[in-house]
Amino acid sequence: MNKPKVVVLGAGYGGLITVTRLQKLVGVNEADITLVNKNDYHYETTWLHEASAGTLHHDKCRYQIKDVISSRVNFVQDTVTSIKPEEKKIVLEKGELDYDYLVVSLGSQPETFGIQGLKEYAFGITNINAARQLREHIELQFATYQTEENKQDDRLTIVVGGAGFTGIEFLGELSNRVPKLCREYDIDPKKVRIICVEAAPTALPGFDAELVEYAVSHLERKGVEFKIGTAIKECTEDGIVVAKDDVMEEIKAGTVVWAAGVRGNSVVEEAGFENMRGRVKVNPDLRAPGHNEVFIIGDCSLIINEEINRPYPPTAQIAMQQGETCAKNLASLIKGQGEMEGFKPDIKGTVASLGEDDAVGTVFGKKLVGTKASFMKKMIDNRALFMVGGPGMVMKKGKFKFF
Ligand code: FAD
Ligand code: NAD
């Protein structure tokens, strides 16, 4: 009898949890499992703000995929260019794959809302390559400044677009990194400006007001200037154009970082699944409507929080929980049991770091700030390593500098 072919696209949080669970749930004789990923490594997307600011080396944020999957899983290092659901086929840069069951866990891409110049001139916090590039770019600005005869102070201005969780966490790291860069490159810290531009009437929209106040005050004390209720309208080679109450302003900057939201992977949009900004509103069992053999999880999926009738924000927490359910449902289909589990997120809380030594968050309904919150954030980061790679991975890559 032909074994069903399971193909998992993307070795991020959702994809790796699915594969590491599925390899235990179904026997070698029951299914062939193939995992496709662009790189031979997994990176902790949730740590990329650290690698981007240069406060944590990028190698600390990644590990080899082969170290966490079993030898029975066929790993294909390649880039997915398209999904053809009608033909049950995946087109890769270097080949093609057929599937009986598919898991799409390709993560997200920056949402630029069509704003001019962002794709060309702004940096993103999106993957290891982007993080390395941003870290190096900032450092190059500092180094170049010292070689200039007519010093351009704007070179030392760093603009961060968006005060969502990514923007705030990056600012926390950056405000710790800049004093070190100033010492390294003999630059007066007063010359450096870090500006955060946020379109909404508050930083961290929707988050607890007291914690937002704590985060903003903490970052302001470290020199971050906030422009709240101000939207980035354009990005140019020289900086950005912003608008507040219809008044336009140009801010010159050597570095512009776009951290103002994400959309699902464009491969999902192009595959023809009904989607909203690359995210597919999946059935309770995580399958795509009308495609009983396709599971979509993580940032490519959209699930509604019934309590407020709005989508859950895409998070690693949800992607990992979906991976567990997806593996169980796949195993049930493969074994012909037919029982499918409905997915319901179990939100344990949200913690945002403010550099290595501070954080804000709510955990099991309790508010935390300062070292307690920072400790909790590191425990959450270590837990993600544990969930995929067990205690060995925590020992190799974990965060243990708690205070
Ligand atoms: P990912 O984990 O992003 O993995 C996608 C994988 O697909 C990657 O390995 C990628 O290389 C691969 N891939 C992409 N395109 C292709 C292609 N075409 N072909 C082949 N492979 C491809 N969430 C939290 O819950 N807590 C946090 O503290 C938190 N912090 C964050 C901090 C930052 C800086 C950022 C940017 C996000 C953070 N998030 C956090 C959100 C979280 O990272 C995402 O929701 C999560 O990574 C989604 O998991 P995923 O499996 O869908 O995708
Ligand atoms: P986000 O959508 O949460 O925040 C983007 C911010 O950018 C918003 O505050 C928005 O008002 C602002 N914005 C949009 N357009 C703008 C413009 N033109 N000018 C200025 N500001 C603009 O996106 P994110 O912060 O990238 O987070 C993506 C996902 O990852 C979210 O679901 C988030 O919860 C998750 N995440 C979680 C954590 C954590 O739990 N610690 C950390 C990072 C990201």
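The shell around ligand 2 in this predicted model consists of 17 nonpolar, six polar and two charged residues. It counts 25 residues, and Thr-166, Glu-198, Ile-232, Pro-314 and Val-351 come nearest to the ligand. Four elements each supply at least two residues of this shell. They are helix H5 (165-184), strand E13 (193-198), strand E15 (231-236) and strand E26 (349-353).

Backbone atoms of three residues make polar contacts with ligand 2. At Phe-165, a backbone N or O atom lies 3.2 Å from an oxygen atom of the ligand. At Pro-314, a polar backbone atom is 2.8 Å from a ligand oxygen atom. At Val-351, the partner is a nitrogen atom of ligand 2, with a backbone N or O atom 2.8 Å away. Ligand 2 exposes 850 Å² when taken alone, and the protein buries 77% of that area.

The protein is assigned domain 1 (5-38 + 78-110 + 262-347) and domain 2 (118-258). The C-alpha centres of domain 1 and domain 2 lie 35 Å apart. Domain 1 and domain 2 each give at least three residues to the shell around ligand 2. The shell around ligand 1 likewise draws at least three residues from each of domain 1 and domain 2.

Ligand 1 is surrounded by 30 residues. Gly-14, Val-80, Asp-299, Thr-315 and Ala-316 are the closest. By class, this shell divides into nine nonpolar, 16 polar and five charged residues. Side chains and backbone both appear among the polar contacts of ligand 1. A polar side-chain atom of Asn-37 lies 3.0 Å from an oxygen atom of the ligand. In the side chain of Asn-265, an N or O atom is 3.2 Å from a nitrogen atom of ligand 1. Thr-315 contributes a polar backbone atom, 3.4 Å from an oxygen atom of ligand 1. On its own, ligand 1 has 1000 Å² of accessible area, and the protein covers 88% of it. Helix H1 (13-25), H5 and H8 give two or more residues each to the shell around ligand 1. H8 gives the most, with three residues.

Empty space was examined next. Rolling a probe the size of a water molecule over the atoms shows where such space is left. A search of the whole structure finds one cavity of 30 Å³ or more. The largest cavity holds about 50 Å³ of space. Its lining comprises Arg-279, Gly-298, Asp-299, Ser-301, Ile-303, Tyr-312, Pro-313, Pro-314, Thr-315, Ile-318, Ala-319 and Gln-322. Helix H8 (residues 316-334) gives the most to this lining, with three residues. By class, the lining of the largest cavity has six nonpolar, four polar and two charged residues.

Several residues link the cavity to the ligand shells. Pro-314 lines the largest cavity and is among the residues that come nearest to ligand 2. Asp-299 and Thr-315 also line the largest cavity, and both are among the closest residues to ligand 1. H8 leads in the cavity lining and in the shell around ligand 1.

The second largest pocket has a volume of about 350 Å³. It is lined by 21 residues, and Glu-50, Thr-55, Leu-56, Glu-356 and Lys-378 are the closest to its centre. Helix H2 (48-53), H5 and helix H9 (370-397) each give two or more residues to the lining. H9 gives the most, with four residues. The lining of this pocket has two nonpolar, seven polar and 12 charged residues.

H5 recurs across these sites. Helix H5 supplies at least two residues of the shell around ligand 2. H5 also gives two or more residues to the shell around ligand 1. The lining of the second largest pocket takes two or more residues from H5 as well.

Technical notes:
Residues are numbered from 1 along each chain as its sequence is written. Chains are lettered from A and ligands numbered from 1 in the order in which they are written. This is a predicted model: local features need pLDDT of at least 70, side-chain atom pairs count only at pLDDT 80 or more; totals for chains, interfaces and linings use all residues. Side-chain values use heavy atoms; hydrogens and water are left out. A residue is near a molecule or strand if one of its heavy atoms lies within 4 Å of it. A polar contact is a pair of N or O atoms within 3.5 Å; within protein, one must be able to donate a hydrogen and the other to accept it, and residues adjacent in sequence count only if both atoms are side-chain atoms. Accessible areas come from the Shrake-Rupley method with a 1.4 Å probe; for residues, only the protein chains shown count as cover. Ala, Val, Leu, Ile, Met, Phe, Trp, Tyr, Cys and Pro count as nonpolar, Asp, Glu, Lys and Arg as charged, and the others, Gly among them, as polar. Domain bounds come from an automatic or database domain assignment. On a 1 Å grid over the protein atoms alone, a cavity is a set of points where a 1.4 Å probe fits but cannot get out, and a pocket is an open set with protein on both sides within 12 Å along at least five of seven lines; lining residues have an atom within 4 Å of a point. Grid points are joined across faces, edges and corners, and a volume is the space filled by probe spheres set on the points.
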